[in-house]
Amino acid sequence: MSTQATSRGQWSSRFGFILAAAGSAIGLGNIWRFPYTAGENGGGAFVLLYLAFVVLIGIPVQLSELSMGRRTQRNAVGAFRELAPGSGWSVVGGLGVASGFGILSFYAVIAGWTLGYIYFAVAGRFSAAMSPDASGAIFTGLVGGVVGPIVLLAAFMVLTALVVQGGVQGGIERASKILMPIFFLLLVALAVRSLTLPGAGEGLKFLFHVDFSKLLNAEVAGSALGQALFSLSLGMGAMITYGSYLKKDENMPMAAVAVASSDTLIALLAGLILFPAIFSAGLEPAVGPGLVFVVMPQVLAAMPAGWIFAVLFYLLLAIAALTSTISLLEVIVAYFVDERGWSRPSAVWTVTLVCFLLGVPSALSFGGNGFFTNMLGGLGFLGLVDMIFGKYGLTIGALGICLFVGYRWGIKNALEEIGGGGHRLPAGAFWGFLVRFLCPVAVFCILVLVVMGRANF
Ligand code: PHE
């Protein structure tokens with residue numbers, strides 16, 4: 001069995017792993033979803049709960065996944081198969097691969113819009129005198145089309161496939177090493193610009209002022225936990241897969257903390273870019289998914305040299321999304337390569353084609369096709385896929401992973417793997433408590449909220 005390791009890829013260094021895993025975690029979830037979800041859930045209270053959940057639930061689940069991956073050096077399904085042969089547990093891994101398909105299919109639709117917006121910004125479509133209606137019309141003009149959204153989806157899928165085809169070191173790690181530094185530079189430039197706008201203080205107050213009555217609100221808590229799982233790329237085996245390419249003596253606890261804290265920091269920084277700019281322009285923060293596509297163009301266009309900042313902003317979004325779609329595709333590809341013996345190129349291009357086809361109805365669910373747009377009482381096809389895979393898939397997956405590590409594979413075995421190379425996890429017993437008790441209970445609670453339709457992430 002151990003000969004398998006030699007034919008699989010491996011990260012060249014801890015830094016390479018951290019960039020790739022942070023690239024997976026940092027995505028539309030941070031820059032598109034986190035700010036508007038915080039906006040809809042009252043700002044500061046949501047942010048505070050989010051931080052608590054990242055530490056108490058996110059990092060423990062992340063370490064569970066990484067340790068399963070590194071111990072077995074297998075994909076999401078193979079890891080369960082190897083640790084519990086002949087049992088039904090590999091279904092959890094299978095659900096992860098299915099979630100990867102589903103999430104990639106709609107994530108790439110939204111990622112495709114960012115490419116359209118880069119083009120709009122370069123072409124000078126955002127003018128300083130643009131009214132909210134005009135900005136809304138540009139958005140609906142793009143997403144409500146038929147050919148446009150499908151072409152952009154295809155373009156994004158091909159970009160993703162080209163990177164994943166290059167393999168772990170030559171593709172994913174190399175792309176992350178180029179893209180992530182550019183991403184950080186863009187982010188800092190935009191945050192400085194936004195925070196120096198007149199009236200930026202209002203935005204800061206919104207993000208950090210805690211309304212204590214909202215802290216005890218189940219919906220706000222459920223949304224914060226769901227968002228934390230999604231944002232850290234947990235519950236679908238992405239971290240099992242990335243962990244399987246990690247060297248045995250690499251410092252796993254440190255790498256995990258580095259990934260989780262950069263993800264959190266970037267979400268907060270995205271808030272620091274969006275809210276000061278939005279308040280300074282006198283616009284509303286709680287406008288849902290249109291926040292970065294409808295409100296931000298107005299904000300950006302009104303700044304001096306705004307078109308340059310607009311290009312930078314949408315480039316930033318596209319890069320963030322690309323390093324995430326890469327990890328989604330890799331989860332599925334690793335499964336077909338390890339478990340089914342496919343070659344990497346045929347796995348990459350077959351999966352890309354299937355995801356594209358599944359993504360087409362999602363691309364048409366913003367007006368391009370009446371049925372896909374209005375189905376299920378306005379949920380739409382994209383909303384349905386997000387519901388099944390992004391909400392049910394990830395929460396059931398995370399629950400399964402906690403139960404598996406906590407009660408089947410065992411905390412002792414997991415801790416031994418996490419501490420490989422002499423990098424013992426501090427407070428290991430507390431980690432075991434979180435994985436066995438707090439995490440499953442908390443994740444089960446959001447599952448209930450999702451079923452009740454009250455978790456809004
Ligand atoms: N974490 C990514 C984001 O925040 C999304 C993602 C979820 C990627 C699950 C991989 C797996 O955008």
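Is F293 buried or exposed? F293 is buried, with a relative accessible area of 1%. Good morning, colleagues. I begin with that residue and then move outward to the rest of the structure, which is a predicted model.

Let me turn to the aromatic rings. A pair of aromatic rings is described by the distance of the centres and the angle of the planes. In this model the count comes to 32 aromatic pairs. In one of them, F293 is the partner of Y117, and the arrangement is edge-to-face, with 5.1 Å from centre to centre and 65° between the planes. Angles over 60 degrees count as edge-to-face, so the 65° of this pair places it in that class.

Where do the two partners lie along the chain? Y117 belongs to helix α6, which covers residues 90-122, whereas F293 sits in the loop between α13 (252-280) and α14 (295-302). The two residues are 176 residues apart, and the pair thus links distant parts of the chain. Y117 is buried as well, its relative accessible area being 0%.

A second pair offers another arrangement. F430 and F433 are stacked, at 6.2 Å centre to centre and with 20° between their planes. Both residues lie in helix α19, residues 428-451, and three residues separate them in position, about one turn of the helix. Is F430 buried, exposed or partly exposed? F430 counts as partly exposed because its relative accessibility is 45%, and F433, at 43%, is likewise counted as partly exposed.

Y117 and F293 also take part in a wider group. Ring pairs join W113, Y117, Y119, F120, F126, F139, F293, F313, Y314 and F366 into a cluster. One member of this cluster, F120, has R125 over its face, at 4.5 Å from the ring centre. A comparable arrangement involves R33, whose charged end sits over the ring of F230, 4.1 Å from the centre of that ring.

I now consider helix α6 itself, which carries Y117. Does its span agree or disagree with its number of residues? The 33 residues of α6 should span 48 Å at 1.5 Å a residue, and the C-alpha atoms at its ends are 47 Å apart, so the two values agree. The helix is mostly covered, for 26 of its 33 residues are buried. After α6 comes G124, whose phi is positive, near 70°.

The next topic is the ligand. Which residues come nearest to the ligand? Of the 14 residues around it, these are A25, G29, Y107, F230 and S233. F230 is thus both one of these residues and the ring beneath the charged end of R33. Three contacts to ligand oxygen atoms may be described. A backbone N or O atom of A25 lies 2.9 Å from an oxygen atom of the ligand. For L28, a backbone N or O atom is found 3.1 Å from an oxygen atom of the ligand. Y107 contributes a polar side-chain atom, which lies 2.4 Å from an oxygen atom of the ligand. On its own the ligand has 320 Å² of accessible area, and the protein covers 100% of it.

S233, named a moment ago, deserves a further remark. Most residues other than glycine have a negative phi. In S233, however, phi is positive, near 60°. This residue lies in the loop between α11 (218-231) and α12 (238-243), and it is buried, with a relative accessible area of 11%. L376 also has a positive phi, near 55°. L376 is placed in helix α17, residues 370-378, and is exposed, with a relative accessible area of 54%.

Two further positions complete the survey. E173 is found in helix α9, residues 168-195. Its relative accessible area is 2%, so E173 is buried. What does the side chain of E173 contact? It makes a polar contact with the side chain of S12, at 2.5 Å. L415, in turn, lies in helix α18, residues 380-418, and counts as partly exposed at 24% relative accessibility. The C-alpha atoms of L415 and F309 are separated by 46 Å, the residues being 106 apart along the chain.

To close, I return to the opening residue: F293 is buried, pairs edge-to-face with Y117 and belongs to the cluster of linked rings. Thank you for your attention.

Methods. Residues are numbered from 1 along each chain as its sequence is written. This is a predicted model: local features need pLDDT of at least 70, side-chain atom pairs count only at pLDDT 80 or more; totals for chains, interfaces and linings use all residues. Side-chain values use heavy atoms; hydrogens and water are left out. Rings of Phe, Tyr and Trp (its six-membered ring) pair if their centres lie within 6.5 Å; planes under 30 degrees apart count as stacked, over 60 as edge-to-face and the rest as tilted. Helices (H or I, at least four residues) and strands (E, at least two) are DSSP runs, numbered from the N terminus. Buried means under 20% relative accessible area, exposed over 50%, partly exposed in between (1.4 Å probe, protein chains only). A charge sits over a ring if NZ of Lys or CZ of Arg is within 6 Å of the ring centre and within 35 degrees of the ring normal. The expected span of a helix is 1.5 Å times one less than its number of residues. A residue is near a molecule or strand if one of its heavy atoms lies within 4 Å of it. A polar contact is a pair of N or O atoms within 3.5 Å; within protein, one must be able to donate a hydrogen and the other to accept it, and residues adjacent in sequence count only if both atoms are side-chain atoms. Accessible areas come from the Shrake-Rupley method with a 1.4 Å probe; for residues, only the protein chains shown count as cover.
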